[in-house]
Amino acid sequence: MTDFPIPFEDDDVFASAGLRLTVDLTALTENWRDMARRSGAARAAAVVKADAYGTGIEDAGEALYMAGARDFFVATVDEGVTLRLYAPEARIFVLSGIWPGTERRFFENDLVPVISSDEQLAFWMAVLADYGDFPCALQVDTGFNRLGLHMDDAIALADDVSRPASFAPVLVMSHLACGDEPSHAMNRQQLESFRRVSAAYEGIDSSLAASAGVFLGEDYHFDLTRPGIALYGGEAVCGLANPMRPVATAEARIIQVRSVEAGETVSYGRALQLHRRSRLAIASAGYADGYMRGLSSGGVPLRQAVPQGGQGFIAGHKVPVAGRITMDLTIFDITDLPDNAVRAGDYVELFGKNMPLDDVARAAGTIGYEILTSMGLRHERRYVVDEE
């Protein structure tokens with residue numbers, strides 16, 4: 001038995017990966033600067049939860065920090081601990097809040113818990129009694145009915161003279177339920193409710209707008225905005241042309257190109273019958289990699305309502321998914337491409353500059369958030385800057 005003679009470099013691994021994700025850090029930081037401009041007088045934070053929406057919290061977080069972001073939002077304390085290494089002077093808010101046993105990690109990494117329930121509030125008061133002054137944020141429910149203190153309770157807390165002197169929130173926040181629908185009456189209702197909360201906490205930063213809320217205008221901006229999906233190139237507002245630069249491009253390697261006769265069927269369940277002699281390209285990505293089964297061209301419930309399935313992009317052309325997407329593989333129909341335009345080893349773009357993320361999501365019956373954050377653990381990732 002001999003040693004393997006060729007050392008692998010990172011570039012070699014990326015070039016030969018079955019599924020690969022390219023993240024354009026220049027586009028990411030330009031999107032943040034764009035959202036910061038749109039935020040007007042408010043500061044723009046950066047939401048980097050879910051591993052920076054699948055783009056990698058380490059590199060994405062550092063790039064955003066170097067671009068000027070100084071307020072960050074993560075979902076979990078683990079994400080906050082990781083981000084602290086790359087954003088040393090930032091204020092990092094943990095949206096899931098604090099629970100018994102996690103307080104030391106908050107203190108040691110200077111993380112700010114977002115208190116969203118009566119149980120968390122009671123625990124936080126006990127923590128302050130034992131450990132002294134530490135900052136927190138308060139999330140208040142203004143109609144979303146997800147996380148948040150009841151609005152009346154939050155306002156009463158602001159006026160409660162018996163609360164500990166060490167209890168000093170640095171941010172009060174809420175979240176819009178229908179921000180992606182600019183004309184929805186719920187937006188104005190929540191705005192008016194949040195104004196009451198913000199007034200009760202005069203002198204403390206207030207935040208209502210995530211990505212979609214930024215586009216609603218300055219009434220919704222308050223002191224701090226929280227752009228998320230827009231940073232990563234996703235659509236934030238329904239029916240509005242997306243002004244953000246694409247950030248992530250996913251590609252899958254073609255394992256095989258095969259010719260199939262008219263009348264034959266493709267993939268599980270014989271969901272697609274070919275009406276002409278066809279050429280098929282089998283790509284090394286499937287639903288285990290986050291390329292959702294809902295993108296199948298047939299044999300799934302969604303296609304009964306929406307005839308068009310997913311598409312890929314290869315050799316300068318869009319090509320349709322053929323049959324059902326499987327766990328590790330997806331079949332694309334390349335019949336309309338010139339002969340020899342696609343060979344085994346080539347890559348098909350699943351989403352990116354030529355296949356907009358949200359177009360792919362619509363074909364799957366979902367949203368860009370889910371497509372982007374669902375890219376599995378089997379991809380190789382690289383980062384580029386100044387890519388046009």
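This report walks through a helix pair, the nonpolar cores and one loop residue of a predicted model.

**Helices H2 and H4**

Let's start with the helix pair. Helix H2 covers residues 25–38 and helix H4 residues 57–67; their axes lie 9 Å apart and meet at an angle of about 50°. H2 is therefore oblique to H4, and H2 passes H4 in a right-handed crossing. The residues that make the contact are set out here.

| Helix | Residue range | Residues in the contact |
|---|---|---|
| H2 | residues 25–38 | Leu25, Leu28, Thr29, Trp32 and Arg33 |
| H4 | residues 57–67 | Asp59, Ala60, Ala63, Leu64 and Ala67 |

By character, the residues of this contact of H2 with H4 comprise 7 nonpolar, 1 polar and 2 charged.

**Nonpolar cores**

Leu64, one of the H4 residues in that contact, turns up again in the core. The largest nonpolar core holds 111 residues, and Leu64, Phe72 and Phe351 have the most contacts inside it. Setting aside residues up to four places away in sequence, Phe72 touches a list of residues that includes Leu64, Tyr65, Leu83, Ile92 and Phe93, as well as Gly61 and Arg91. A second core, separate from this one, has 7 residues, among them Val266, Leu274, Ile282 and Ile331. In general, nonpolar side chains in soluble globular proteins tend to be buried together.

**Arg146**

Now to a loop: Arg146 sits between strand S7 (136–141) and strand S8 (149–150). Arg146 counts as exposed because its relative accessibility is 55%, and the cut-off for that class is over 50%. Beyond its neighbours within four places in sequence, Arg146 is in contact with Asp141 and His175. Arg146 and His175 are 29 residues apart in sequence, with 9.2 Å between their C-alpha atoms.

Key
Residues are numbered from 1 along each chain as its sequence is written. This is a predicted model: local features need pLDDT of at least 70, side-chain atom pairs count only at pLDDT 80 or more; totals for chains, interfaces and linings use all residues. Side-chain values use heavy atoms; hydrogens and water are left out. Helices (H or I, at least four residues) and strands (E, at least two) are DSSP runs, numbered from the N terminus. Buried means under 20% relative accessible area, exposed over 50%, partly exposed in between (1.4 Å probe, protein chains only). Contact means heavy atoms within 4.5 Å. Axes are lines fitted to C-alpha atoms, for helices over the stretch in contact, and angles run from 0 to 180 degrees between N-to-C directions. Angles under 35 degrees count as roughly parallel, over 145 as roughly antiparallel, 65 to 115 as roughly perpendicular and the rest as oblique. A crossing is left-handed if the near helix is turned anticlockwise from the far one by less than a right angle, and right-handed if clockwise. Ala, Val, Leu, Ile, Met, Phe, Trp, Tyr, Cys and Pro count as nonpolar, Asp, Glu, Lys and Arg as charged, and the others, Gly among them, as polar. A nonpolar core is a set of buried Ala, Val, Leu, Ile, Met, Phe, Trp, Tyr and Cys residues joined through side-chain atoms within 4.5 Å.
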